Amino acid sequence: MSGCRAVVVGATGAIGSAVTAKFLDEGASVVGGGRSRQKAESLADRERFDFVPVDMESQESVAEFVEQVWSGDGVDVLVHLAATDSQGLALGVTDEEWSRVIEVNLSSTFRLVREMGRRMVDRGLGGRIVLYSSTRSEFAGRAGFAPYGASKAGVNFLVKQLATEWAPHGICVNAVAPGFVLSEITESRASSEFVEMMKRRVPANRLGTAEEMASPAVFLASDDASFMTGQVLFVDGGVTCSS
Ligand SMILES: NC(=O)c1ccc[n+]([C@@H]2O[C@H](COP(=O)([O-])OP(=O)(O)OC[C@H]3O[C@@H](n4cnc5c(N)ncnc54)[C@H](OP(=O)(O)O)[C@@H]3O)[C@@H](O)[C@H]2O)c1
């Protein structure tokens, strides 16, 4: 990936920092996005890495981010992982919680991808877009995933629609759908009982790692995946195929 310019939104998270490290190891330059510059410090001393703040709850911030990361030579690969979650059963989900999760995970994702896609189309050199979905996009959790699952189901549809519209421009749009990984977004659910229950449900008998969720993004951005578009790759140790 030497010479490749990649943008990783959500680079400060568990899976996002693993994605960023893998792209850097492969020789790409990476602009990482997220709200917390401090959380990007583990990557700060890597060559070819730069951090640009973005808040996916703010339309202005997303617009400024796209302008800033595109300036100069443009962007070859967008990997977008920034997401939020909410707690509680569907009957307790407030309108505010619903709107916040749908805004960050779906509406803002659409705006980001639309504006990056527009620039990739105009530049005429193709591109790769990798979104992060979830096993919850197709399979309900036992409790508490109404806004999050609905937002990720929307991401899966966007992948298919945008892949179809942008394939003639040489732009591939795919998603990675991870199974359960320990991270900030999952820590409020991750009691030891829950983790043990999850391990029992995974045919591989263990949880995945952030690195295992990151590798498919590198593949999807590589020349090896040049004819692959509109796909959602479930990376879950066999959970969904056995559900
Ligand atoms: N971990 C899992 O079990 C799991 C399972 C299925 C799918 N996924 C998906 O995989 C992706 C990465 O998850 P993860 O486990 O690595 O989560 P994580 O460690 O909590 O990281 C979440 C990332 O999203 C960013 N983010 C959250 N709200 C944001 C906002 N308003 N504006 C900008 N950035 C925001 C965070 O950055 P800042 O804090 O710096 O803002 C962080 O970089 C997500 O799309 C998630 O839905 C994860």
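This briefing covers the sheet, the helices packed on it, the helix pairs and the ligand shell of one chain. The model is predicted. Its sheet is open and has seven strands, paired in the parallel sense. Helices α4 and α5 lie against this sheet, and 28 residues surround a ligand.

**Sheet**

- The strand order is β3-β2-β1-β4-β5-β6-β7, with parallel pairing.
- The edges are taken by β3 (49–53) and β7 (232–235); each has a single partner strand, so one side of each lacks a neighbour in the sheet.
- On average, neighbouring strands are turned by 20 degrees against each other, direction ignored.
- Five bridges join β1 (residues 5–9) to β2 (residues 29–34), in the parallel sense.
- Within this pair, valine 7 has valine 31 of β2 as its bridge partner.

**Helices on the sheet**

- Helix α4 (residues 95–123) packs on the sheet and touches four strands: β1, β4 (77–80), β5 (127–132) and β6 (171–178).
- The direction of α4 makes about 170 degrees with that of β5.
- Helix α5 (residues 146–166) lies across β5, β6 and β7, and runs at about 165 degrees to β6.

**Helix pair α4 and α5**

- The axes of α4 and α5 cross at roughly 15 degrees and come within 9 Å.
- Angles under 35 degrees count as roughly parallel, and α4 and α5 are therefore roughly parallel to each other.
- Their crossing is right-handed.
- On the α4 side the contact includes Trp98, Val101, Ile102, Leu106, Phe110 and Val113; on the α5 side it includes Tyr148, Val155, Leu158, Leu162 and Trp166.
- By class, the contact of α4 with α5 has 13 nonpolar, five polar and two charged residues.

**Helix pair α3 and α4**

- Helix α3 (residues 59–70) packs against α4 with the axes 10 Å apart and an angle of about 25 degrees.
- That angle makes α3 roughly parallel to α4.
- α3 passes α4 in a right-handed crossing.
- From α3, the residues in contact are Gln59, Val62, Val66 and Trp70; they meet Ser108, Arg111, Leu112, Glu115, Met116 and Arg119 of α4.
- The contact of α3 with α4 divides into five nonpolar, two polar and three charged residues.

**Helix pair α1 and α7**

- Helix α1 and helix α7 (residues 210–221) have axes 8 Å apart, at an angle of about 50 degrees.
- α1 and α7 are therefore oblique to each other.
- The crossing of α1 past α7 is right-handed.
- α1 brings Ala14, Ile15, Ala18, Val19, Lys22 and Phe23 to the contact, and α7 brings Ala210, Glu211, Met213, Ala214, Ser215, Ala217 and Val218.
- Ten residues of the contact of α1 with α7 are nonpolar, one is polar and two are charged.

**Ligand shell**

- Of the 28 residues that surround the ligand, the closest are Gly13, Gly34, Arg35, Ala83 and Ser183.
- Helix α1 (residues 14–25) gives the most to this shell, with three residues.
- By class, the shell has 13 nonpolar, ten polar and five charged residues.

Technical notes. Residues are numbered from 1 along each chain as its sequence is written. This is a predicted model: local features need pLDDT of at least 70, side-chain atom pairs count only at pLDDT 80 or more; totals for chains, interfaces and linings use all residues. Two strands pair if DSSP finds at least two bridges between them. Helices (H or I, at least four residues) and strands (E, at least two) are DSSP runs, numbered from the N terminus. Axes are lines fitted to C-alpha atoms, for helices over the stretch in contact, and angles run from 0 to 180 degrees between N-to-C directions. Two residues are in contact if their C-beta atoms, placed from the backbone, lie within 7 Å. A residue is near a molecule or strand if its C-beta atom, placed from the backbone, lies within 6 Å of it. Ala, Val, Leu, Ile, Met, Phe, Trp, Tyr, Cys and Pro count as nonpolar, Asp, Glu, Lys and Arg as charged, and the others, Gly among them, as polar. Angles under 35 degrees count as roughly parallel, over 145 as roughly antiparallel, 65 to 115 as roughly perpendicular and the rest as oblique. A crossing is left-handed if the near helix is turned anticlockwise from the far one by less than a right angle, and right-handed if clockwise.
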